[in-house]
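User: I have a structure open here and would like to talk through some of its side-chain contacts. Could you take me through them?

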Amino acid sequence: MLRKAVFKGSWYPGALEELDEMVSVDGSGDYRASVLPHSGLFYSAPLISDFFKGLSDAVKRIVIISPSHYYPLESNRLYVSDFSLSETPYGNIKTEPFPLEGEVFNNAIAKEHGIEMFLPFVKKKGLVVSYALLTSFSSFEELEKMGMYLAEVIDDETALIASSDFTHYGKRFGYAPYGSDALEKVEKQDFMVASALAEGRVEDVFKIHRDMTICGSAPAMLLSYLMAESGYEGFLGKHYTSYDVYAQDADDFVSYFDVFWRRK
């Protein structure tokens, strides 16, 4: 069964020549996991590209864990699909089952941009893909339990993506606690959270994440816990905001961070 590319031509170009200007994957390094943004590629492509250009040559598959933007989902549960192919403008990607069991929810995954934004990069890099949705954890203990299960099934040929933008700031997001210094204060706040994720201080993030508008905090915290438990080193990549890309309203923007992991 094929997952269609439903955001092609809207959230990213459908024409290959135009898409090629955004989707850069050439290169190799030692990256094995990352928190990456899932906004339209006009905003997020440079940060996503940095991860794919730095992937270890040993990687054969990408596992994507995304929040659900369009369907309410239960806490502490993974939602998976039985798609065997995923469509991109570059062709279809072989799609494998998620490494852990979950509830099959094809409709939610079929419509999820938090998965689809990465698929052109996966195809262009010549990898296979697996994906799941994860909305929230009811307790830190539930997060630990899922992290330990996932650590048992991830191998050296697998890289992981936690699909997450950082702070969504402005009245339309219901989050506008700062005045004229919003951009600076959000950057400081998100730097604190991104640093905690990179350093494996997941419980610190868990204590405050419900008071923030980070879209994908559950996947990001799960990935941070998993990589810390598995002996990986985390570090920060680039940061910018949607205002840096399109300077329209300094009181209404989304913040983006790359967080990477590699073997120590």
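**Salt bridges and cores**

Analyst: Lys145 and Glu142 are a good place to begin, since their side chains form a salt bridge with an N to O distance of 3.6 Å. Please keep in mind that this is a predicted model.

User: Where do Lys145 and Glu142 sit relative to each other in helix H6?

Analyst: They are 3 residues apart in helix H6, which covers residues 140-151, and so about one helical turn separates them. Lys145 is partly exposed at a relative accessible area of 38%, and Glu142 is partly exposed as well, at 24%.

User: How many salt bridges are there by this rule?

Analyst: The count comes to 16 salt bridges. One of them pairs the side chains of Glu74 and Arg77, at 3.2 Å from N to O; Glu74 counts as partly exposed with 47% relative accessibility, and Arg77 is partly exposed with 32%. As background, side chains of opposite charge can pair when their charged atoms come close.

User: And Arg172, which residue does its side chain meet in a salt bridge?

Analyst: The partner is Asp252, and the N to O distance in that salt bridge is 2.7 Å. Arg172 lies in the loop between strand E10 (168-169) and helix H7 (182-198), while Asp252 lies in the loop between H10 and strand E12 (253-263), so the pair ties together parts that are 80 residues apart in sequence. Arg172 counts as exposed because its relative accessibility is 59%, whereas Asp252, at 24%, counts as partly exposed.

User: Which residues are joined into one network by salt bridges that share partners?

Analyst: That network is made of Arg61, Lys94, Glu96, Asp155 and Glu157.

User: Let's stay with Arg61: buried or exposed?

Analyst: Arg61, which lies in strand E3, counts as buried because its relative accessibility is 19%, and the cut-off for buried is under 20%. Its side chain makes a polar contact of 3.4 Å with the side chain of Glu96, and another polar contact, of 3.1 Å, joins the side chains of Arg61 and Thr158. Leaving aside residues up to four places away in sequence, Arg61 touches several residues, among them Leu127, Val128 and Ala159.

User: Switching to the nonpolar side, which residues have the most contacts inside the largest core?

Analyst: Those are Phe98, Phe166 and Leu223, in a core that has 40 residues. Two or more residues each are given to this core by strand E2 (31-36), strand E3 (61-66), H6, strand E9 (158-163), H7, helix H8 (202-208), helix H9 (217-229) and E12. The largest share comes from H9, which provides 8 residues. In general terms, nonpolar side chains in soluble globular proteins tend to be buried together.

User: What does Phe98 touch?

Analyst: With residues up to four places away in sequence left out, Phe98 touches Val63, Ile64, Ile65, Leu78, Val80, Ser130, Tyr131, Ala132 and Leu150. There is also a second, separate core of 37 residues, which includes Ala5, Leu41, Val59 and Ile161.

User: Tyr131 came up just now; what about Ser86, which joins Tyr131 in a polar contact?

Analyst: The side chains of Ser86 and Tyr131 are joined by a polar contact of 2.6 Å, and a further polar contact, of 2.7 Å, joins the side chains of Ser86 and Thr95. Ser86 is placed in strand E5, residues 85-86, and counts as buried because its relative accessibility is 0%. Beyond residues up to four places away in sequence, Ser86 touches a set of residues that includes Leu2, Arg3, Ile93, Leu119 and Val129.

User: Back out to the surface, then: which residues make a nonpolar patch there?

Analyst: Phe42, Val245 and Tyr246 make a nonpolar surface patch of about 300 Å². Val245 belongs to helix H10, residues 242-245, and counts as partly exposed because its relative accessibility is 31%.

User: One last thing, what separation do the C-alpha atoms of Asp181 and Tyr12 have?

Analyst: Those C-alpha atoms are separated by 31 Å, and the two residues are 169 residues apart along the chain. Asp181 is found in the loop between E10 and H7, and its 39% relative accessibility is why Asp181 counts as partly exposed.

Technical notes. Residues are numbered from 1 along each chain as its sequence is written. This is a predicted model: local features need pLDDT of at least 70, side-chain atom pairs count only at pLDDT 80 or more; totals for chains, interfaces and linings use all residues. Side-chain values use heavy atoms; hydrogens and water are left out. Helices (H or I, at least four residues) and strands (E, at least two) are DSSP runs, numbered from the N terminus. Buried means under 20% relative accessible area, exposed over 50%, partly exposed in between (1.4 Å probe, protein chains only). A polar contact is a pair of N or O atoms within 3.5 Å; within protein, one must be able to donate a hydrogen and the other to accept it, and residues adjacent in sequence count only if both atoms are side-chain atoms. Contact means heavy atoms within 4.5 Å. Patches are made of residues with over 30% relative accessible area and no salt bridge: like charges are joined within 9 Å, nonpolar side chains (Val, Leu, Ile, Met, Phe, Trp, Tyr) within 5 Å. Accessible areas come from the Shrake-Rupley method with a 1.4 Å probe; for residues, only the protein chains shown count as cover. A salt bridge is a side-chain nitrogen of Lys or Arg within 4 Å of a carboxyl oxygen of Asp or Glu. A nonpolar core is a set of buried Ala, Val, Leu, Ile, Met, Phe, Trp, Tyr and Cys residues joined through side-chain atoms within 4.5 Å.
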